[in-house]
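Here is my note on the model you sent round. Please read it with the structure open.

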Amino acid sequence: MPGPGGGAFDIVAIAASAGGLTAISRVLEGLPQSFPASVVVVQHVDPRHRSLMAGILSRRTRLPVKEAEAGEGIAPGTVYVAPPNRHLLVNADGTLSLTQTELVHFVRTSADLLFESVAASFRDRAIAVVLTGTGVDGAMGVEAVKKMGGTVIAEDEQSSEFFGMPQAAIRTGYVDFVLPLGEISSALQSLVAAGEAE
C-alpha cells in the first residue's frame, strides 16, 4: 500500500562519517524533485563547529534541504540534516526529536539511534543507507531496520573512501544491497517507486 508520499517507503535514513559529505551529495543529487519519501541524514562532524552541511547539500540536490528542528514534522521529498552534537530521532507520529544523551560509539550524532528510531516508527516502510565512514556506527541500527521489515543498503568497498561503517553493516548479515556509490540513488528511486504502481 502506498504511503503518504505515494511510494512503497516513507523514509530514507542515510548515515556517513569520514568522506561522507561527498558521498551524501552524490546520493542526493541523483534523486528527482518528485522523490516521494522523506530523507533524514546524519554525518559525524566536529561538535565544536557550526555545520554548513544543510547549505552545501541544498546546492547539490533538487530536493529542499534543512537542518532538523525538534518537534518538526517530516514532509515527503524533503531532506533533514542532523545538527552537530545532537542525536536525531524520528518519532512514530512523523516528528523529529533532537537529544544530547550520551555518546554512542564515541559519537553524537549516532547512526544507530537514528536507524533504530526509524525502524520502530516506520517498520517495513523504512530504508537505511550506510555510506563511507570509519568505525562501526550504524551496524546495530541496520539490524533493527531489517528485523522490523525495512530495507538496508551499504556502499561497496571500492567506492567507499573509508569502508569501516559499510563493512560493519555488511558483516551483520542484514544488508540487502551492497552497491557502488553511483548506483545508490537509482536503487532508492526504484525501491520507493515500487509502491506507486499499487
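The points below go from the overall fold to single residues.

1. **Overall make-up.** This is a predicted model. The secondary structure comes to six helices and nine strands. The protein has 198 residues, and 54% of them count as buried. Take the contacts with a separation of 6 or more: residues 24 or more positions apart account for 71% of them.

2. **The largest core.** The largest nonpolar core holds 32 residues. I14, L131 and L188 have the most contacts inside this core. Seen against a general background, this is familiar: in soluble globular proteins, nonpolar side chains tend to be buried together.

3. **Who builds the largest core.** Which elements give two or more residues to this core? They are β1 (11–16), α1 (20–29), β2 (38–43), α2 (53–58), β4 (79–81), β7 (126–130) and α6 (181–193). Helix α6 gives the most, with six residues. Another core lies apart from this one. That other core has 28 residues, among them A13, A82, V142 and M165.

4. **I14.** Look at the partners of I14, leaving aside neighbours within four places in sequence. I14 is in contact with I24, V27 and L28. Its partners also include V39, V40, V41 and V42. L114, F115, V129 and L131 complete the list for I14.

5. **Helix α1.** Which residues of α1 are buried? They are G20, A23, I24, S25, V27 and L28. The cover over the buried residues of α1 includes the strands β1, β2, β4 and β8 (151–155). It also includes the helices α2 and α6. A general point helps when reading such a list: an α-helix has 3.6 residues a turn, so residues three or four places apart point the same way.

6. **How α1 meets α6.** The axes of α1 and α6 come within 8 Å and cross at roughly 40 degrees. That angle is why α1 counts as oblique to α6. The crossing is right-handed. From α1, the residues A23, R26 and V27 take part. They meet L181, G182, I184, S185 and L188 in α6.

7. **S185.** S185 sits in helix α6. Is S185 buried or exposed? S185 counts as buried, because its relative accessibility is 9% and the limit for buried is under 20%. Beyond neighbours within four places in sequence, S185 is in contact with R26, V27, G30 and L31.

8. **M53.** M53 is in helix α2. With 5% relative accessibility, M53 is therefore buried. Not counting residues up to four places away in sequence, M53 touches L21, I24, V41, Q43 and V81. V65 comes 12 residues from M53 along the chain, and the two C-alpha atoms are separated by 9.4 Å.

9. **S110.** Where is S110 found? S110 is in the loop between β6 (96–99) and α3 (111–122). Its relative accessibility is 0%, so S110 counts as buried. The side chain of S110 places a polar atom 3.2 Å from the backbone nitrogen of D112. For the backbone nitrogen of L113, the distance to a polar atom of the S110 side chain is 3.0 Å.

10. **Where to look again.** Three places repay a second look on screen. One is I14, with its contacts to I24, V27 and L28. Another is the meeting of α1 and α6, where V27 and S185 both take part. The last is S110, in the loop between β6 and α3.

Conventions
Residues numbered from 1 in each chain as written. Predicted model: local features only at pLDDT ≥ 70, side-chain atom pairs only at ≥ 80, totals over all residues. Heavy atoms only, no water. Core = buried A, V, L, I, M, F, W, Y, C linked by side-chain atoms within 4.5 Å. Buried < 20%, exposed > 50% of the residue type's maximum accessible area, 1.4 Å probe, protein only. Helix = DSSP H or I, 4+ residues; strand = E, 2+ residues; numbered from the N terminus. Contact = heavy atoms within 4.5 Å. Polar contact = N/O pair within 3.5 Å; in protein donor to acceptor, adjacent residues only side chain to side chain. Axes fitted to C-alpha atoms, helices over the stretch in contact; angles between N-to-C directions. Parallel < 35°, antiparallel > 145°, perpendicular 65-115°, else oblique. Left-handed = near helix turned anticlockwise from the far one by under 90°.
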